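Good morning, and thank you for coming. Please look at the sequence and the model before I begin.

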Amino acid sequence: VCDALYGLHAAHEATDEQGQSMGLVHRDVSPQNLMVGVDGVTRVLDFGVAKARGQSRTTDAGRVKGKIGYMAPEQLYGEKADRRADVYAAGVVLWEMLAGKRLFEGEEGGDALALVLTAPIWRPSIHHGDVPEDLDAIVLRALERDRAKRLSSAQDMADSLVTAVAPAAPSKVAAWVKRLAGSAIEQRYVERVLARHGGNVVRAAQASGIARRYFQIIHARTKKREVP
C-alpha cells in the first residue's frame, strides 16, 4: 500500500511545462488498479478515469465514474475531487486488507451510494483483533467523510503507515509473489514470447534464452486450452 501511496503522491505533485501543478487526481483507486510486481513493488494502474485541473468534464451530468464502493463522498455528491479523494479510496483498500472483507457490502446503484454516504465505518480491528491501534487510527483518518478532517495527502498516509508498522522489504514481497503465482507468470511470459515469434518454439527459445523443451511444454498446454 505504501508503494501505491507514494506513486499517487508523485502523480498529485505532477506539474506542466510551466511548473504549474496539474492537479491530477486518479479517481479510481481500487484493488483492481493496484498491481504487485514480481520485483515486490506495488504500482497504480489505469489512470483512465484520472482528471487534471482545467480539463473539461467528459462525463454526463449526474454520472459518476469509478467504483462506487471506493469513491469519496464528495465525488458522489458531485463536488470537485482533489487528492484527498484518492486518499479516501486508498483508505478503503487498506481497511479491506486489514479486515478481510468489503467495507461497503451492497449492490451497485442507490444502495451502494447510501452505504458509502451514511453507513458506520468501524475500525478494522473489530474484524481482526491483531490489527494494531495505530493502524486503526490511520485508516479511520483516511476514511473521514469530511475531507477537511481527512489525511491531507497520500504521502502523509504512507509516512504514517511506515511509522506505525515497518513495511516488508520488496525482496520479501517478491518472494511471496513468486510462491503465489510464479508458475502462472512464467507461463504467461513464455506465451507472449511465442506469440511474438509466430509460435516458432526454436526462435522463441533462442530469443529468450529459455530451454526449448520448456517452450514446447508451455506451447502444448496453450494448444490444449484452444481446443473447444
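**An exposed leucine, a helix and a pocket**

L180 is exposed, because its relative accessible area is 61%, and exposed means over 50%, whereas buried means under 20%, with partly exposed in between (1.4 Å probe, protein chains only). L180 belongs to helix α7, residues 170–196; helices here are DSSP runs of H or I with at least four residues, strands are runs of E with at least two, and both are numbered from the N terminus.

A word on the basis of these values. This is a predicted model, in which local features need pLDDT of at least 70 and side-chain atom pairs count only at pLDDT 80 or more, while totals for chains, interfaces and linings use all residues. Residues are numbered from 1 along each chain as its sequence is written, and side-chain values use heavy atoms, leaving out hydrogens and water.

Let us turn to helix α3. Helix α3 covers residues 83–99, 17 in number, and spans 25 Å from its first C-alpha to its last, close to the expected 24 Å, which is 1.5 Å times one less than the number of residues. Is α3 mostly enclosed or open? Of its 17 residues, 14 are buried, so α3 is largely enclosed by the rest of the structure. Just after α3, G100 has a positive phi of about 75°.

Helix α3 also gives the largest share of the lining of the largest pocket, 4 residues. A lining residue has an atom within 4 Å of a pocket point; on a 1 Å grid over the protein atoms alone, a pocket is an open set of points where a 1.4 Å probe fits, with protein on both sides within 12 Å along at least five of seven lines.
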